[in-house]
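Let's take a friendly walk through a protein model, going from the overall form down to single residues. Please keep the viewer open as you read.

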Amino acid sequence: TLLGDTAVAVHPADDRYAALVGRLVRIPFTERDVPVITDDAVDRGFGTGAVKVTPAHDQTDLEIGARHGLPQVTVLDDAARVSFPGAYEGLDRFEARRRIVADLETRGDLVGTAAHEMVVGRCQRSDDVIEPRLKTQWFMRMEPLAAKALAAVRDGRTRIVPRRFEKVFFGWLEQIHDWNLSRQLWWGHRIPAWYCPDGHVTVSELVEGPAACAVCGRPAAQLEQDPDIFDTWFSSGLWPFSTLGWPAPTADLARYYPGSVMETGYDIIFFWVARMMMLGEWLTGQAPFEAVYLSGLVRDPYGQKMSKTKGNVVDPLGVVDDIGADSLRFALVNGVAPGADLRLSPTRLEGARNFGNKLWNAARFVLGARPADVPEATALALPAAAQLGPAEHWLLADLARTIEEVSRAFESLQLGDATRALHEAIWSTYCDQYLELAKARLADPAASPRERAATWRVLVWALDRYLRLLHPVMPFLTEAIWQRLPHAAADPELLIVAAWPDAVAERALVDPTQAAATGALLDLVRAVRNARAEAGIAPVERLAADLSLPDPAVRAAYAGLAVPFGRLTRLGPVELTDGLAASDGSGAIHVLAGTLEAALRRSGADVERDRARVQRELADTRARLAAAEARLADQAFTSRAPASVVEGARTRAAELREQVERLEERLR
């Protein structure tokens with residue numbers, strides 16, 4: 001690009017060249033005399049401190065040239081061959097480079113060469129070196145459009161979720177440059193501009209183009225359309241309304257524009273979201289969305305951004321083949337906050353698949369547990385309040401709370417919170433706890449047919465409600481299960497258009513006292529299980545227990561739930577007492593339900609055995625922590641290993657430190 005130089009620039013404070021500023025120097029092979037100018041963009045410490053300026057082939061040089069009014073000389077054509085007249089015309093850029101350096105040396109003009117690192121732009125697909133070049137382009141003035149988009153967010157007509165990205169949105173639009181709309185691509189919306197042989201430009205909104213040149217009147221047959229197309233982001237920026245028949249006032253446009261929620265990744269908030277906002281406001285007078293939900297990026301298990309170039313892309317179709325579309329969708333949404341990146345690990349995918357399997361198996365049990373005296377074609381309905389046991393009151397109370405929590409989460413676009421609440425309610429509350437309680441009542445010979453039927457109806461009712469709540473995230477699985485459940489007369493054929501559950505209706509039958517009493521017993525179950533785990537008692541080992549239940553409601557609930565309570569805690573035989581019994585060294589668990597505490601009192605031999613086990617585990621963990629910290633102290637590792645590997649090592653060391661602290665506390 002020496003052939004295109006139109007100035008030599010030095011820094012204004014560089015005393016070495018102060019006497020030369022304003023004088024002319026001759027560019028070799030061109031016989032062109034150009035000025036020596038000063039500009040703050042010059043780095044005095046790089047090379048000689050005097051920089052050749054080629055406005056037609058470098059972005060920084062273009063800006064320098066604009067500040068100083070320099071000519072713009074193009075020396076490369078579209079095929080990267082020299083187009084400047086002379087000895088190098090027609091040569092490929094790399095061959096011309098070698099020839100020019102050799103000719104400079106022959107002429108005695110080459111003082112010397114030095115290697116230095118450069119940032120060289122390359123095409124992602126072909127790996128060719130990209131050469132900047134001035135081209136005639138179409139631009140759109142952006143400030144008036146940006147002002148409308150900014151106003152829509154500031155006025156609250158469009159909200160951005162999460163709100164921290166409003167700052168990014170404002171910063172970009174407030175400093176926006178005019179938009180280069182022209183792209184030299186093969187396919188897209190062609191620029192609607194036509195040129196006549198005299199160089200006049202005619203822009204037309206007609207699909208068939210103008211009938212004649214708007215300046216000189218030459219007929220359409222003599223006009224040639226601009227070969228460029230609109231930037232892809234321009235065409236896609238029209239998407240919210242152009243797909244609905246705009247500019248015609250269609251019924252679809254009236255019904256679906258503006259939309260309610262736009263969901264996309266935060267990395268294209270400028271490229272797409274802002275452009276849809278600007279074009280929508282400008283062309284329709286309305287912001288295209290009420291809310292913009294910005295999700296995070298799906299990264300590989302090591303936290304790297306997925307890239308076809310890196311080869312670390314997880315093929316979603318392959319994952320769907322393995323675990324199903326619903327499990328993949330749940331894995332992408334569950335527990336993820338708006339705008340937060342997600343590491344798509346095998347563990348996360350497996351957990352989502354297991355959740356789907358858990359729900360499916362629970363549905364199979366419920367459908368297979370229908371009491372013989374309940375007709376197969378029975379309608380979906382809750383039983384009368386008098387037929388409900390304490391466990392049913394507890395489940396319906398928790399169901400009402402879950403409906404409220406999930407509804408709030410969806411309304412506020414906290415999708416990760418909605419799925420987290422559903423996972424807890426379905427997996428833990430419904431499957432792990434209520435199913436066990438219901439099994440006991442369904443199998444209890446002392447229970448009346450009406451009571452067993454009531455329990456089964458509550459099982460079906462709650463499952464129906466969970467399916468409605470989960471349907472937006474796992475539509476295929478929930479639809480398949482729902483089709484097999486009993487339905488109410490008012491239910492539609494498809495779950496996707498079924499009514500959303502009403503928490504108020506769910507709570508109408510609930511007796512808060514019985515619900516709270518059952519909750520207290522289940523809290524006690526968790527406390528006992530934790531105590532067993534802390535003491536290292538095998539799950540299959542049954543222990544005798546003295547159980548104190550001072551609360552009459554809890555005692556009444558226990559009367560109906562003693563069998564599942566024993567099954568869940570692995571306690572038995574259980575003796576009800578009036579107070580906390582003293583330790584007798586037998587290894588029994590003594591439980592005080594009033595304060596929901598579980599204490600494990602074991603013989604001295606058992607305590608010593610537990611102490612020895614914890615000491616061995618603590619010594620092993622301390623050794624692993626020391627090795628992890630030594631690795632992080634090794635500068636060779638932290639400076640050379642990939643950042644994701646170093647971060648993983650730091651995370652592992654932190655986990656080991658926490659484990660050591662827990663073991664030390666257990667030992668104390």
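The paragraphs below begin with the whole chain and then turn to chosen helices, loops and residues.

A word on conventions: this is a predicted model, in which local features need pLDDT of at least 70 and side-chain atom pairs count only at pLDDT 80 or more, while totals for chains, interfaces and linings use all residues. Residues are numbered from 1 along each chain as its sequence is written, and side-chain values use heavy atoms, with hydrogens and water left out.

Let's begin with the overall form. The protein's secondary structure comes to 21 helices and 20 strands; here helices (H or I, at least four residues) and strands (E, at least two) are DSSP runs, numbered from the N terminus. The radius of gyration is 37 Å, well over the 26 Å given by the globule rule for 668 residues, so the protein is more spread out than a compact globule. That radius is taken over C-alpha atoms, and the globule rule is 2.2 Å times the number of residues to the power 0.38. Along its principal axes, the C-alpha trace spans about 110 × 70 × 40 Å.

How much of the protein counts as buried? The figure is 42% of the 668 residues, where buried means under 20% relative accessible area, exposed over 50%, and partly exposed in between (1.4 Å probe, protein chains only). The accessible surface comes to about 36,600 Å², and 54% of it belongs to carbon and sulfur atoms; these areas come from the Shrake-Rupley method with a 1.4 Å probe, and for residues only the protein chains shown count as cover. Contact means heavy atoms within 4.5 Å, and among contacts between residues at least 6 apart in sequence, 70% join residues at least 24 apart.

As for charge, the protein has 76 positive and 89 negative side chains, and the centres of the two sets lie 3 Å apart. Lys and Arg count as positive and Asp and Glu as negative, with His and the chain ends not counted; the place of a charge is taken as NZ of Lys, CZ of Arg, CG of Asp or CD of Glu.

Now zoom in on helix H10, which covers residues 325-333 and has Asp326, Ser327, Leu328, Phe330 and Ala331 buried. What do these buried residues pack against? Their partners are helix H9 (316-323), strand S16 (342-343), helix H11 (346-368), helix H13 (415-443), helix H14 (449-470) and helix H15 (475-482). Just after H10, Gly335 takes a positive phi of about 70°. Following H11 onward, you reach Thr378 in the loop between H11 and helix H12 (390-411). Thr378 counts as buried at 11% relative accessibility, and it touches Trp456, Arg457 and Pro486, not counting residues up to four places away in sequence.

For a contrast in location, look at Glu89, in the loop between helix H1 (59-68) and helix H2 (93-107). From Glu89 to Ser327 the C-alpha distance is 61 Å, with their positions 238 residues apart in sequence. Glu89 is partly exposed at 47% relative accessible area, and beyond its neighbours within four places it is in contact with Val82, Ser83 and Phe84. The loop between H1 and H2 also holds Ala80, a residue other than glycine with a positive phi near 60°. Ala80 counts as buried, at 12% relative accessibility.

Strand S10 (residues 201-203) is home to Thr202, which is buried with a relative accessible area of 5%. Beyond four places in sequence, its contacts include Trp194, Cys213 and Ala214. The C-alpha atoms of Thr202 and Ala214 are separated by 5.6 Å, though they sit twelve residues apart along the chain.

With Cys213 in view, how many disulfides are there? Taking a disulfide as a pair of cysteine sulfur atoms within 2.5 Å, the count comes to zero. For Cys213 the nearest cysteine sulfur is that of Cys216, 3.6 Å away. Cys213 is buried at 5% relative accessible area, and Cys431 is buried at 8%.

Finally, some backbone details to check. The peptide bond from Val161 to Pro162 is cis, with omega near 0°, and Pro162 lies in the loop between strand S6 (159-161) and helix H4 (165-174). Another cis peptide bond joins Trp246 and Pro247, with omega about 10°.
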